[in-house]
Amino acid sequence: MSVTPSRSYYMLVASLPALPVRFDGGRVPISRATLRERLELLEPEDAEVTAQVAQYFSRSPESLDKTDEQVIARYHELMRTSRSDLVRHLIETRTVSRLLLSAFRRHRAGLAPPTWELRPADPLAEQIRKHWSTPNFGLRGSYRWLEDFAKHYDAGDMVGAQRVIFEERWNDWTKIAQRYTFTLEAVIAYLVRWEIVDRWTSQNAEAGKARFHNLVEETLGEYAKPV
Amino acid sequence: MGDTFWLMLGWAGIYAPLFLGALGSIFGCSAAGQAACGAMLDVESGYGRLVGLSALPSSQTIYGIVVMLTLNRQVTIETAPGLFAIGVLSGVALLYSAWFQGKCCASAIHATKNKPEIFGLSAAPAAIVEGFAVFAFIFALIVAAGLPAGGAG
C-alpha cells in the first residue's frame with residue numbers, strides 16, 4: 001500500500017486497532033508487518049523517533065544477557081540520541097527496572113552489592129548499597145512492584161514474576177496513553193503497549209509450545225521422537 | 001487612515017463569517033476525514049457513517065454564508081464598525097466551533113470504530129459543539145437586524 005507521509009496523526013492513530021484492556025487479555029490486534037506499514041504514514045522526523053523505539057525494543061537490555069556496565073553504556077548512548085521526552089522516559093524506566101532486577105538477583109545469589117551508577121551520585125545506586133540487607137532495598141515506596149516480584153521470584157514462579165513487571169509497565173503506559181489522542185506521543189504510547197502485549201503473548205506461545213512437546217513426550221515416550 | 005480604512009473593515013466584516021467559517025470547516029473536516037480514512041483501514045463495514053460523521057463540521061460554512069448574506073448591505077461610515085464587529089466575532093466563533101467539532105468527530109470515529117454500539121453517543125460531544133455554533137449564528141442574525149440598513153445591498 002502506498003501512502004503519503006503527513007504531519008497529522010489523525011489517520012495513523014485512527015487506523016490502529018484498540019489494544020486489549022489488559023496486556024494478558026488476548027492476542028496482539030495487529031501484526032508487526034501491518035503495524036510497520038501503517039507507520040509509513042509518519043513524516044521522516046517522526047519515523048526516526050518511532051524507529052528509535054523499535055530499535056530499543058529490538059536490542060532491549062532485557063532481551064540480551066548484558067552486564068550492568070553494558071546496559072548503562074547503552075543507556076547513555078540512547079539518551080544522547082533521543083529527542084522525544086517519551087522515548088527518554090521509556091529508556092530511563094526500562095534501564096532502571098533492568099538494573100534493579102539485576103541488583104535483586106545479585107542479592108538473592110548472595111553476591112556483594114553492585115557498583116554501578118547510572119549518573120554521578122545516583123540516589124538509586126546509593127540506596128541499594130546502603131540498604132543491601134533490607135528487604136527490597138527499602139524501595140517499597142518508590143517501586144511497589146518489587147515486593148510482589150520478590151514473592152513470585154522467591155517461590156520460583158518466574159512467569160508470575162514476569163507478569164508483575166509487565167503489569168507495572170502496562171499500567172504506567174496506559175496512564176501515559178490516556179493523556180494523548182492524535183499526537184506522536186499517542187503513537188509512541190501505542191507502540192510501547194503493543195510491544196508489551198506482543199512479548200507477553202509470544203512468551204506464552206513459547207511456553208505453550210514447550211508444554212505441548214513435554215506432554216507429547218510424556219504420552220508417547222520414544223514414539224514421540226521425530227521419524 | 002481615513003474613511004477608506006473603515007469602509008475596508010466594513011467589507012471585511014461582511015465577508016468574515018464565510019471566510020472564517022469555511023476555514024474552520026476545512027480544519028474540522030480535514031481532521032475528522034483523516035480519522036475516518038484511518039478507521040476505514042481497520043474496519044470491514046460501516047464506512048458510510050464514518051464519512052458522514054467527518055462531514056459534520058461543514059455546517060459552519062453554511063451558517064457563515066447566511067450571516068454574510070444578512071450583513072450584506074451598502075458599506076458606509078455608519079454601518080462599517082457594526083458590520084466588522086458582528087462579522088468578525090461570529091466568524092471567529094464559527095471557525096473555532098468547526099475546528100474543535102472536527103476533533104470531536106475524529107475522537108468519535110476512533111471510538112466508534114472499536115465499539116460500533118456507541119456510535120450515537122460518541123457523536124454527542126460534536127452535537128454539543130454544533131449547538132454553540134448555532135447560538136453564534138442566530139444571535140449574529142438578531143444583532144445584525146439592529147444595524148443601519150445603509151441603502152440597497
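The largest pocket in this predicted model has a volume of about 650 Å³. A good way into it is through the residues closest to its centre, which are A18(A), L19(A), R193(A), H110(B) and N114(B), out of 24 that line the pocket. So much for the middle; as for the walls, helix 8 and helix 9 of chain A, along with helix 4 (80-114) of chain B, are the elements that each give two or more residues to the lining. Helix 9 of chain A chips in with 5 residues, the largest share. In terms of residue class, the pocket lining comes out at 16 nonpolar, 6 polar and 2 charged residues.

Closed-off space is a separate matter. Rolling a probe the size of a water molecule over the atoms shows where empty space is left. Just 1 cavity of 30 Å³ or more turns up in the structure, and the space inside the largest cavity comes to about 30 Å³. Its lining is made up of R94(A), F166(A), R169(A), E195(A), I196(A) and R199(A). Helix 8 (158-178) and helix 9 (184-220) of chain A each put in at least two of these residues, with helix 9 giving the most, 3 residues. Sorted by class, the cavity lining has 4 charged and 2 nonpolar residues, and no polar ones. Helix 9 of chain A is thus a name to keep in mind for both spaces: it gives the most to the lining of the largest cavity and the largest share to that of the largest pocket.

Elsewhere in chain A, helix 6 (residues 123-130) has a buried set consisting of L124(A), A125(A) and I128(A). Looking down the axis of helix 6 of chain A, the buried residues fall within an arc of 100°, so they line one face of the helix. That buried set packs against helix 5 (85-108) of chain A. Over on the other side of helix 6 of chain A sit P123(A) and K130(A), both exposed. The start of helix 6 of chain A also has a side-chain-to-backbone approach: a side-chain oxygen of D122(A) comes to within 3.2 Å of the backbone nitrogen of L124(A). L124(A) therefore appears twice in the account of this helix, as one of its buried residues and, through its backbone nitrogen, as the partner of D122(A), with the buried face itself following from the 100° arc.

Technical notes. Residues are numbered from 1 along each chain as its sequence is written. Chains are lettered from A and ligands numbered from 1 in the order in which they are written. This is a predicted model: local features need pLDDT of at least 70, side-chain atom pairs count only at pLDDT 80 or more; totals for chains, interfaces and linings use all residues. Side-chain values use heavy atoms; hydrogens and water are left out. Buried means under 20% relative accessible area, exposed over 50%, partly exposed in between (1.4 Å probe, protein chains only). Helices (H or I, at least four residues) and strands (E, at least two) are DSSP runs, numbered from the N terminus. The arc is that of the directions from the helix axis to the C-beta atoms. Contact means heavy atoms within 4.5 Å. A polar contact is a pair of N or O atoms within 3.5 Å; within protein, one must be able to donate a hydrogen and the other to accept it, and residues adjacent in sequence count only if both atoms are side-chain atoms. On a 1 Å grid over the protein atoms alone, a cavity is a set of points where a 1.4 Å probe fits but cannot get out, and a pocket is an open set with protein on both sides within 12 Å along at least five of seven lines; lining residues have an atom within 4 Å of a point. Grid points are joined across faces, edges and corners, and a volume is the space filled by probe spheres set on the points. Ala, Val, Leu, Ile, Met, Phe, Trp, Tyr, Cys and Pro count as nonpolar, Asp, Glu, Lys and Arg as charged, and the others, Gly among them, as polar.
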